[in-house]
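User: I'd like to learn how to read a protein model, one feature at a time. Could you walk me through it?

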Amino acid sequence: MISKSFSLEGKTALVTGAATGLGRGIAAGLAGAGADVVGAVHRKPANETRADVEAAGRRFFEARGDLGDPSSVPKLLTSALDHAPRIDILINNAGIIRRSDFLDFTVADWDAVMDVNLKSLFLLSQAAVKHMVETAPDEADGSAGKVIHIASLLSYQGGIRVPSYTASKHGVQGLTRLMANELAAKRINVNAIAPGYFATDNTQALQDDPIRSRQILERIPAARWGQPEDLQGATVFLASSASDYVHGTTLAVDGGWMAR
Ligand code: NAP
C-alpha cells in the first residue's frame, strides 16, 4: 500500500542541528511519520524540538557535540547509539554561514564553515554508514539506511559574499553523488535537499536587509519565504521506503526559485 511506503514506524533518525530552524521542522516531520528522533545539539538544548516530537507520540533523545571540531564526530555517533540500537536515517542538517567580500575573506571563516558544513558531514556520514552496513536488515526488509544532506541553492549557484558556504554546499552536492554511486548497491540511499530561502537564524542578515529581502521575495515564484514545515514532505519521502530507488539526487524545495 502506497501510504505504508511513507511510514517511518520503527525507525530512528539522527538529525544534526536539531534544536533550531530547519532541523527542528525536519525532526517534527519525521516524528509525524512515525520515527523516533535523536537530536544532535551544540550550544543549546532542543527543548522545543523535544516537545514537537513527543507531541507526535514519538521518543526524543539528545546527543551533544561540536561539529566545528571534526575529531568529536565519532563520539557523537556513539552517544546517539546510547539511546537507540540502530540509526536508520541520518539527516546532516547542521550548518553555518560567514559573510564577507571575497577579497577580504579570512582563512578562519573559510575553515570554520568547511569544518561544520563539509568535513564533519563527511565524517559523520562515513561513521553512520559503516554502522548502517554492519547492522543492515535482510534484503527482503528493504533499505539498509537513508542519508539526507541539507544542501542549498548555493549548491547550484555562486551566491555573493559567502565563498566558503558556496564551496561547502557545492561539495555537499558532489559528495551526495559520490556516496550514492558507492552505496546504492549496499541498499543505502543518499540524497540531498536544497532549501530555498527559509526564514531562520541562518538567513537573519538577509531578512533584516530591506533591499535584499525585497529582491529575494520578488524572485520566488511562490511569493513567500519558506517555513521549516515546508521541508517535511521532501524529508519524509527521502527517509522512507517510498524513495528506495532514488539515489544521488538533490531535491530543491525552493518555492520555484531555480525555475526562474
Ligand atoms: P540555523 O537555525 O542557524 O541552524 C543551524 C543549526 O546548526 C543550529 O541548530 C546550530 O546549533 C547547528 N550548528 C551550527 N554549528 C554547529 C556546530 N559547530 N556543531 C553542531 N551543530 C552546529 O539555520 P537553518 O536555516 O535551520 O540551517 C540548517 C541547514 O539548512 C544549514 O545546513 C543551512 O546551511 C541550510 N540551509 C538553510 C537555508 C535557509 O534559508 N535557512 C537555505 C539553504 C540551506 P547551535 O545554534 O547550537 O550552534
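Analyst: Happily; we will start with the whole chain and then turn to single elements and residues. One thing to keep in mind throughout is that this is a predicted model.

User: What does the secondary structure of the protein come to?

Analyst: A good habit is to begin with the elements. Here there are nine helices and seven strands.

User: How do I read the radius of gyration of the protein?

Analyst: The idea is to set the value beside the one expected for a compact globule with the chain's number of residues. For 260 residues that expectation is near 18 Å, and the protein has 17 Å, so the two agree. The extents add to the picture: along the principal axes, the C-alpha trace spans about 55 × 40 × 35 Å.

User: What share of the residues count as buried?

Analyst: Of the 260 residues, 49% do. You can look at the surface as well: the protein exposes about 12100 Å², with carbon and sulfur atoms supplying 53% of that area.

User: Which contacts tell me about links across the sequence?

Analyst: Look at how far apart the contacting residues are along the chain. Among contacts between residues at least 6 apart in sequence, 71% join residues at least 24 apart.

User: How many positive and negative side chains are there?

Analyst: There are 26 positive and 28 negative ones. It also helps to ask where each set is centred; in this protein the two centres lie 2 Å apart.

User: Let's take a helix. Which residues of H4 are buried?

Analyst: Helix H4 covers residues 73–81, and its buried residues are Val73, Leu76, Leu77 and Ala80. The next step is to look down the helix axis: these residues fall within an arc of 95°, which means that they line one face of H4.

User: And what covers the buried residues of H4?

Analyst: The cover includes three strands, S1 (12–16), S2 (36–41) and S3 (60–64), together with helix H5.

User: Since H5 has come up, could we look at one of its residues? Is Ala108 buried or exposed?

Analyst: Ala108 sits in H5, which runs over residues 107–134. Its relative accessibility is 54%, and because anything over 50% is called exposed, Ala108 counts as exposed. You can use Ala108 to get a feel for distance too: Gln126 is 18 residues away in sequence, and the two C-alpha atoms are 25 Å apart.

User: Now a strand. Where is His149, and is it buried or exposed?

Analyst: His149 belongs to strand S5. With a relative accessible area of 0%, His149 is buried. To see what surrounds a residue like this, set aside its neighbours within four places in sequence and list what it touches. For His149 the contacts include Asn92, Leu121, Ser125, Val172 and Met179.

User: How does Ile150 fit in?

Analyst: Ile150 is also in S5, which spans residues 145–150. Ile150 is buried, at 4% relative accessible area. Among the residues it touches, beyond those up to four places away, are Ile26, Ile91, Asn92, Lys169 and Pro195. Asn92 makes a nice example: Ile150 and Asn92 are 58 residues apart in sequence, yet 6.0 Å apart in space, C-alpha to C-alpha.

User: Is there a helix residue I can read in the same way?

Analyst: Try Ala27 in helix H2, residues 21–32. Ala27 has 0% relative accessibility and counts as buried. Away from its sequence neighbours, Ala27 is in contact with Val37, Thr49 and Val53. Thr49 is 22 residues from Ala27 along the chain, with 7.0 Å between their C-alpha atoms.

User: What should I make of phi at Arg161 and Ala223?

Analyst: Start with the general rule: most residues other than glycine have a negative phi. Arg161 has a positive phi, near 65°. Arg161 lies in the loop between S5 and helix H6 (163–183), and is partly exposed at 41% relative accessible area. Ala223 also has a positive phi, near 60°. Its place is the loop between helix H8 (210–219) and helix H9 (232–239), where Ala223 counts as exposed at 54% relative accessibility.

User: One last residue: what is the relative accessible area of Gly171?

Analyst: Gly171, in helix H6, has 23% and is partly exposed. Its C-alpha atom is 9.8 Å from that of Lys119, a residue 52 places away along the chain.

How values were computed:
Residues numbered from 1 in each chain as written. Predicted model: local features only at pLDDT ≥ 70, side-chain atom pairs only at ≥ 80, totals over all residues. Heavy atoms only, no water. Helix = DSSP H or I, 4+ residues; strand = E, 2+ residues; numbered from the N terminus. Rg over C-alpha atoms; globule rule 2.2 N^0.38 Å. Buried < 20%, exposed > 50% of the residue type's maximum accessible area, 1.4 Å probe, protein only. Contact = heavy atoms within 4.5 Å. Areas by Shrake-Rupley, 256 points an atom, 1.4 Å probe, with all protein chains shown as cover. Lys, Arg positive; Asp, Glu negative; His and termini not counted. Charge placed at Lys NZ, Arg CZ, Asp CG, Glu CD. Arc of directions from axis to C-beta.
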